[in-house]
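Reader: I have a model open on my bench screen. Show me how to read its charged pairs and its helix faces.
Author: Gladly; here it is.

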Amino acid sequence: MAVIQIQDVEKVYRGKVHALRGVSLDVQEGEIYGLLGPNGAGKSTLVKILMTVIHASTISGTMLGKPIGHCKTLEDVGYLPEHHRFPYYLTGKQVLHHYGALSRVSRNDLKQRSSSLLSRLGLAGWENKKVGTYSKGMLQRLGIAQALMNNPKLLVLDEPTDGVDPVGRREIRDLLIELRDEGRAIFLNSHLLSELEMVCNRVAIMVKGKVTKQGTIDSLT
């Protein structure tokens, strides 16, 4: 079953700037699907459309079986935006409680789930420290923890290893494989082929707003 299935997505900004030009792709249950392309190719624009941060000029398709933009469906989606920002005066635990509450996680689950995710993402011992003291890599890990607070069926990650050191990147890759093996689908956006080829079942290559190729890493290479 396809968790994301979109056809002919177009996005035209003012001034007739074409960010997306007829993008079509599908992401299946239990797979890591990579969206690969250079900066400015339109990858983040597509992700923002899926998450209803911006609206497409034209779009046809579904996410988790419902039309794109269906609000209730987003409760089952975890999202890590590119260049995310957390209030620097909150602690790591407070950040997860805040975003968990926004995702309608019950009060009883917030404490247990945040503690478990902080430990799983290598942030145990930092839960009561303000995020203003976190390194870039730690902020990325906290961002992934935030995206998992609502126990999502689909995880949408925009450049999740940006600014993370090589050891941290490996740990994040290992985590993504674990999450896939738990049955989650992951839509992963990156400009780094080396990151995608180690974890993705399939990859789409985007250039200048178009998906030029998609398939397994072996078939593309």
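**Salt bridges and a helix face**

Author: Start with the count: 13 salt bridges come out under a distance rule of within 4 Å, nitrogen to carboxyl oxygen. Keep in mind that this is a predicted model.

Reader: What is the general idea behind such pairs?
Author: Side chains of opposite charge can pair when their charged atoms come close. Now take a case. Arg202 and Asp26 form a salt bridge, with N to O at 3.3 Å. The two partners sit in distant parts of the chain, 176 residues apart. Arg202 belongs to strand E9 (residues 202–207), and Asp26 to strand E2 (residues 17–28).

Reader: Is Arg202 buried or exposed?
Author: Buried means under 20% relative accessible area, and Arg202 has 18%, so Arg202 counts as buried. Asp26 has 22%, so this partner is partly exposed.

Reader: Which residue forms a salt bridge with Arg104?
Author: Glu75 does, and the closest N and O atoms are 3.1 Å apart. This pair also links distant parts of the chain, at 29 residues apart. Both partners lie in loops. Arg104 is between helix H2 (92–102) and helix H3 (107–120). Glu75 is between strand E5 (66–67) and strand E6 (77–80).

Reader: How do I read their accessibility?
Author: Exposed means over 50%, so Arg104, at 64%, is exposed. Glu75 is partly exposed, at 26%. Note the backbone too: just after H2, Arg104 takes a positive phi of about 65 degrees.

Reader: Which residue pairs with Arg180 in a salt bridge?
Author: Asp181 does, with the closest N and O atoms 3.4 Å apart. Asp181 is exposed, with a relative accessible area of 58%.

Reader: Which residues are linked in a network of salt bridges?
Author: Arg120, Glu178, Glu182 and Arg184 are linked that way.

Reader: Now the helix. How do I read a face?
Author: An α-helix has 3.6 residues a turn, so residues three or four places apart point the same way. Apply that to H2. Its buried residues are Gly92, Val95, Leu96 and Gly100. They cover an arc of only 125 degrees around the axis, so they lie on the same side of H2.

Reader: What covers the buried residues of H2?
Author: The cover includes H3 and helix H4 (136–148).

Reader: Let me recap. Arg202 is buried in its pair with Asp26, whereas Arg104 is exposed in its pair with Glu75.
Author: Right. And the buried residues of H2 share one side of the helix.

Notes. Residues numbered from 1 in each chain as written. Predicted model: local features only at pLDDT ≥ 70, side-chain atom pairs only at ≥ 80, totals over all residues. Heavy atoms only, no water. Salt bridge = Lys/Arg side-chain N within 4 Å of Asp/Glu carboxyl O. Helix = DSSP H or I, 4+ residues; strand = E, 2+ residues; numbered from the N terminus. Buried < 20%, exposed > 50% of the residue type's maximum accessible area, 1.4 Å probe, protein only. Arc of directions from axis to C-beta. Contact = heavy atoms within 4.5 Å.
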